[in-house]
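Student: I would like a close look at one part of this protein: its nonpolar and aromatic interior. Please keep it brisk.

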Amino acid sequence: MIRQHWLYAAGLFLIGQVGFGAQAAAGELSKVDRLLQANGLQLAGSASPDADFSMESLKGANYSTLLWTWKSNVQKMGTPPGEIAWGRWAGDEKQMPPEEEEGAYMKKMVALQLGDEPPIYQEKAFKKMVDWMSGAQANPAYKNVILFTDLSGVDDGTVGKYIRAAHPDMLTFDTYPWQSEFVGSGKEAHGGKPFDGPPVGLYYDLRRYRADTVTTGTEYGLYRQTFHAVEDYGPKSGHQMVYRNPTGSELGLNTFAPLAFNAKMVIDFQFTGGASSLFEHGVMKRPTVLYPRLAQVNRAAGLFGRALVRLTPINDVQNGAEPTTDVLFIRGEKKPGEYAAVYGGFRANGGDEKSYITQWTAYSTAEKLGKPEMAEDPWVTGFDVRNLGKVNAGLKGDAIIAWFKPIGMSKADAWEKGQVYFMVVNGLTSANPRSIAADCEQCVQMDFSQTPGEGIEYVDAVSG
C-alpha cells in the first residue's frame with residue numbers, strides 16, 4: 001500500500017518500470033502537444049498593461065508564462081526577445097500580433113487567446129470565431145503559438161461543433177468557485193459568510209471539457225481564481241455574487257484537480273490589479289499571504305507538468321459517455337458514514353449511493369466478467385482516506401485519483417510496458433481565511449494486489 005501525507009495537495013506516480021519519464025508512442029504529435037512538450041505545462045498570470053507590474057514577482061511565483069489582457073506592454077518584458085514566455089488576448093482579427101513593438105518579442109510568444117467568452121451558441125458569433133481561428137491556424141506566424149478560445153455558457157454540442165469546424169489548439173473556461181454570501185445592496189453590498197465545501201460547479205465543467213476535448217487533438221485549460229469582486233446586477237437579475245480570495249487549500253485544489261482532469265493550461269485571473277488576491281490593492285511590493293502559497297503550488301504543478309504534458313487519460317474510448325471511470329472520487333463525508341452527493345458525470349460505485357467511491361472496477365472483478373479492459377490498471381485493489389486534522393469536524397474529505405498513459409499509446413500497451421501513471425489529489429479544503437493548507441492534510445491510502453512491474457515511482461513536489 002501507499003501512505004502519503006499531502007501538504008502540497010497532490011502527488012503523481014508511475015506504476016511499473018524504473019526510470020521515470022513519460023514517453024509518447026511513435027507517431028506525430030499534434031501541434032498543441034508538440035508545443036506543450038517544448039514549453040511545458042502552461043501556468044500563466046494574466047496582467048493588465050496599465051497595472052503595477054514586477055517581472056521579479058511574476059517569476060518568483062513560478063509562472064511559465066505572462067498573459068497580457070488585450071494589449072501588451074513590452075516595456076515591462078525586458079530586452080528583446082523578453083525575460084519570459086508570453087501571450088495575450090486579441091480583441092478581433094485586426095488586433096492580432098505583432099502590433100507596434102511586439103515584433104521583437106515574437107520568438108517568445110507561446111499563447112494567443114482569440115476574443116473572450118464569445119457567444120458561439122449564436123450563429124453569427126460561431127461563424128466569426130470559426131473563420132478567425134481557421135485564418136490564424138493557417139498563418140505561419142503562429143505555427144509555434146497555442147491558439148485558444150475562452151468559453152462560458154456554451155453547451156457540449158456547440159463545443160464539439162466548434163472543435164470540428166475551427167480546430168483550436170486549446171479551449172479554456174472560467175468557473176470561479178470561491179464565493180461568499182451576498183450581503184446588502186448597491187454600494188453597500190459586501191461579502192458575508194464564506195461558502196465552504198467542494199467546488200461542485202468546477203468539477204462539473206472539468207469533467208465535461210475533458211470529455212469534449214480528449215479524443216479531438218484539442219487540449220483544454222481554465223482560468224484559476226486569484227481575484228475578489230462583488231457583482232450586483234440587481235435582485236431581479238439573479239446575479240448578485242461575491243467572489244472572495246481563495247484560501248491556501250482552495251488554491252491548491254483549484255490547481256491540482258484540473259491537472260488530474262487532464263487540463264494542460266492554468267491561467268490566473270488575475271495576477272495584477274486592485275482585485276488581485278496576491279497583492280494588497282494590486283501593489284507588487286505588498287504581497288498577501290497567498291503569494292508564497294501560489295509560488296509553492298505553481299512549482300509543484302510545473303514539476304508534475306514535465307510528465308503530464310506527455311500524458312493522456314488511460315481509457316482508449318473517451319466519448320463523453322457517463323459515467324467517467326478513469327477519474328475516481330473517494331467521497332468525503334457530511335457526517336459519519338454519510339457521503340456528499342455524487343458529482344455530475346460520475347456515479348456511485350455499482351450504483352450504490354452508500355458506496356464511498358465513484359464507479360470503479362477492480363482487475364479481479366473485470367477478469368471474472370471476461371472484460372479485463374474495464375479495469376483502469378491490473379494492480380490497484382482499494383482506496384481509503386483519513387483526515388489528519390479538524391477541518392470538516394475531522395471527517396474525511398474528498399480525494400481524487402486519475403489514471404494516465406503516454407500520448408499515442410494504447411491502454412493495453414501502457415499496462416504491458418509498465419507506463420501507467422496515476423495522480424492523487426487531496427480534495428479537502430477550508431474556507432476559513434486564517435487557515436493554512438496543512439490544516440487540510442489527509443492520508444490517502446492505495447492498496448495493490450502485488451508489486452507492480454519493478455516498482456512505483458513518485459514525482460517529488462519540491463525537487464522534481
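Which residues have the most contacts inside the largest nonpolar core, and how many residues does that core have?

Tutor: A word on the source comes before the core. This is a predicted model, in which local features need pLDDT of at least 70, side-chain atom pairs count only at pLDDT 80 or more, and totals for chains, interfaces and linings use all residues. Residues are numbered from 1 along each chain as its sequence is written, and side-chain values use heavy atoms, with hydrogens and water left out.

The largest nonpolar core has 103 residues, and F256 and M423 have the most contacts inside it. A nonpolar core is a set of buried Ala, Val, Leu, Ile, Met, Phe, Trp, Tyr and Cys residues joined through side-chain atoms within 4.5 Å. Buried means under 20% relative accessible area, exposed over 50%, and partly exposed in between (1.4 Å probe, protein chains only). Helix α7 (residues 290-308) gives the most to this core: nine residues. Helices (H or I, at least four residues) and strands (E, at least two) are DSSP runs, numbered from the N terminus. A second, separate core has 26 residues, including L328, A366, I401 and A414. In soluble globular proteins, nonpolar side chains tend to be buried together.

Now the rings. The structure holds 29 aromatic pairs. Rings of Phe, Tyr and Trp (its six-membered ring) pair if their centres lie within 6.5 Å; planes under 30 degrees apart count as stacked, over 60 as edge-to-face and the rest as tilted. F53 and W68 form a tilted pair, because their ring centres are 5.5 Å apart and their planes stand at 45 degrees. F53 lies in the loop between β3 (42-47) and α2 (55-60), and W68 in strand β4 (residues 65-68), 15 residues apart. Both F53 and W68 are buried.

F383 and W403 are edge-to-face, because their planes are at 80 degrees, with centres 6.4 Å apart. Here strand β19 (residues 380-387) holds F383 and strand β20 (residues 399-406) holds W403, 20 residues apart. F383 is buried at 4% relative accessible area, and W403 is buried at 0%. One aromatic cluster is formed by W70, W89, Y176, Y223, F227, Y243 and F269.

Last, F126. The charged end of K161 sits over the F126 ring, 4.7 Å from its centre (NZ of Lys or CZ of Arg within 6 Å of the ring centre and within 35 degrees of the ring normal). Leaving aside neighbours within four places in sequence, T158 is in contact (heavy atoms within 4.5 Å) with F126, I120 and Y121. T158 is found in helix α4 (residues 156-166), and is buried at 13% relative accessibility.
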